[in-house]
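Biologist: Could you take me closely through one strand of this model and its pairing, and then set it beside the other parts of the chain that deserve a careful look?

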Amino acid sequence: MPEPESSVSFPPAFLWGAATSAYQIEGAVREGGRTPSIWDTFSHTPGRTAAGETGDIAVDHYHRFREDVALMAELGLTAYRFSVSWSRVQPTGRGPAVQVGLDFYRRLVDELLNAGIKPALTLYHWDLPQELEDAGGWPERDTAFRFAEYAQIVGEALGDRVEQWITLNEPWCSAFLGYGSGVHAPGRTEPAASLRAAHHLNLAHGLGTSALRSVMPSRNSIAVSLNSSVVRPASQDPADLVAVRKIDDLANGVFHGPMLHGAYPETLLAATATVTDWSYVMDGDLGTINQPLNALGLNYYTPTLVSAARTEVKGPRADGHGASDHSPWPGADDVAFHQTAGERTEMGWTIDPSGLHELIMRYTREAPGLPLYVTENGAAYDDKPDPDGRVHDPERIAYLHGHLSAVRQAITDGADVRGYYLWSLMDNFEWAYGYGKRFGAVYVDYATLERTPKSSARWYGEAARTGVLPEVGAE
């Protein structure tokens, strides 16, 4: 893929954003009526997170949101993607809203709008109210209906001011890391339950989309953010191509099949027949899931390399999704994952901007006419302040330049990409990795919670202001 010249500008209306999620940044987990989510429970369970770290305080965005919005404005961002904490708004996952919880998001949205920053609201970024998990969680059908009620509550409260809505963030992680490998909350390792969870997340998306449309202005945009995988074969051996098909179905088709086309891939159903009979897919479900969307969010970090499993090759599963004796790939024990070659981030993920271009062009074909947003893309590095307190991160600048160049090339190639959300606005609680992985464009001193924009934040802000990518050495 040729890289475009940096002097080529992005479209004038292109959104330059950054993204966060509620549990990773808010803190204040016991304030305003908020009750535990599955991530509160998981992170407080010994052995589940690095050093036993939790999001109890995180980066205290709940109390510092005005400071954070001012920082976004200073950097020149035009959009901000955040998520709502379900248990802050609806503590038991059912029943009436807690207005003080909604008030926090009302204040945040007003602050963003006053700063000229477009809010993009994600309803679900993995933090299911614990009471719903106690009732069975996402493997239970009722959870989808509870999500629809929650979506309606938030839509009624904020639909007059927020135009960009995202139902779910990375439902693959919720289903397969939460209920398959157990490396994410709630930490269950039940292959059949992970597939049930995937279906009920799909159903929640469809029901939630309908609920939002019933209470919001028609001008509002509704999307979903998928961490669709770019799955590549280790060779052209027919067995390796079969492995690609299997993982592509489990990573991508299980969600975009019903969401975009109203059906699960037949190859997925066949490959998982020994795990589940899919009898929980009821009449009418696929039509409910297949709601017209206004946009599609794509999250991308690194490609996936697979082959057929070979008995002579042993070792850990190198799929980039954490260490577990249990696989997040039900029905795919005959597939092997491999590390791709090249430079890596602190997560061990290979840096490959061509995968982002490939992903965008795939969904340009998969969903013709549907606007696309890159709703997450970024890299973790071991950032540290220098003696003067400045944080230089040239590796992240190079990463951003490469991936934004891939986005610009996709636009040149005919893709309708309307915005990019850097992951993440600032360093934060990185799930099971605790505070050890820094993805932020803004450095956070976790002892004092002081925010310091890194070199990459200034570089990205210049791109946002001009619509042109600065040279890699420019800060």
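**A strand and its surroundings**

Modeller: In strand S7 (residues 296–299), Leu-296 and Leu-298 point one way while Gly-297 and Asn-299 point the other way, and all of them are buried. Please keep in mind throughout that this is a predicted model. The arrangement follows a general pattern, because in a regular strand the side chains alternate between the two faces of the sheet.

S7 pairs with strand S5 (residues 221–226) in the parallel sense, over two bridges, and in this pairing Ser-225 has Gly-297 of S7 as its bridge partner. S7 also pairs in the parallel sense with strand S10 (residues 372–377), here over four bridges, and Gly-297 stands opposite Tyr-373 in S10. Gly-297 therefore appears in the account of both pairings, as the partner of Ser-225 and as the residue opposite Tyr-373, and strands of a sheet pair through backbone hydrogen bonds, either parallel or antiparallel.

Another sheet offers a useful companion view: three strands form an open sheet in the order S6-S8-S9, with mixed pairing. Strand S6 (231–233) and strand S9 (335–338) stand at its edges, each with a single partner strand, so one side of each is left without a neighbour in the sheet. From one strand to the next the twist averages 40°. Within this sheet, strand S8 (residues 304–308) and S9 run antiparallel and are joined by four bridges, with Ala-308 standing opposite Val-335 of S9.

Turning from strands to charged side chains, a search of the whole structure finds 39 salt bridges. One of them joins Asp-248 and Arg-362, whose closest N and O atoms are 2.6 Å apart. This pair links distant parts of the chain, since Asp-248 belongs to helix H10 (residues 238–261) and Arg-362 to helix H13 (residues 353–366), 114 residues apart. Asp-248 has a relative accessible area of 9%, and it therefore counts as buried, the cut-off being under 20%.

A second salt bridge is formed by Arg-317 and Asp-319, with 3.1 Å between the closest N and O atoms. Arg-317 is partly exposed, at a relative accessible area of 24%, whereas Asp-319 counts as buried at 8% relative accessibility. The side chains of Asp-382 and Lys-384 meet in a salt bridge as well, at 2.6 Å from N to O, and here both residues are exposed. There is also a network of salt bridges, in which Asp-383, Asp-393, Arg-396, Asp-427, Arg-438 and Lys-454 are linked.

Helix H3 (residues 61–75) also repays attention: although the helix has 15 residues, its end C-alpha atoms are only 17 Å apart, short of the 21 Å that a straight helix would reach at 1.5 Å a residue. H3 bends by about 35° at Glu-67, and the buried residues of the helix are His-61, Tyr-62, Phe-65, Asp-68, Val-69, Leu-71, Met-72 and Leu-75. Just after H3, Gly-76 takes a positive phi of about 95°.

Finally, Asp-142 lies in helix H7 (residues 142–158) and counts as partly exposed at 36% relative accessibility. Asp-142 and Gly-116 are 26 residues apart in sequence, and their C-alpha atoms are 39 Å apart in space.

Notes:
Residues numbered from 1 in each chain as written. Predicted model: local features only at pLDDT ≥ 70, side-chain atom pairs only at ≥ 80, totals over all residues. Heavy atoms only, no water. Expected span 1.5 Å × (residues − 1). Bend = angle between axes of the 7 residues up to and from the residue. Buried < 20%, exposed > 50% of the residue type's maximum accessible area, 1.4 Å probe, protein only. Salt bridge = Lys/Arg side-chain N within 4 Å of Asp/Glu carboxyl O. Pairing = 2+ DSSP bridges. Axes fitted to C-alpha atoms, helices over the stretch in contact; angles between N-to-C directions.
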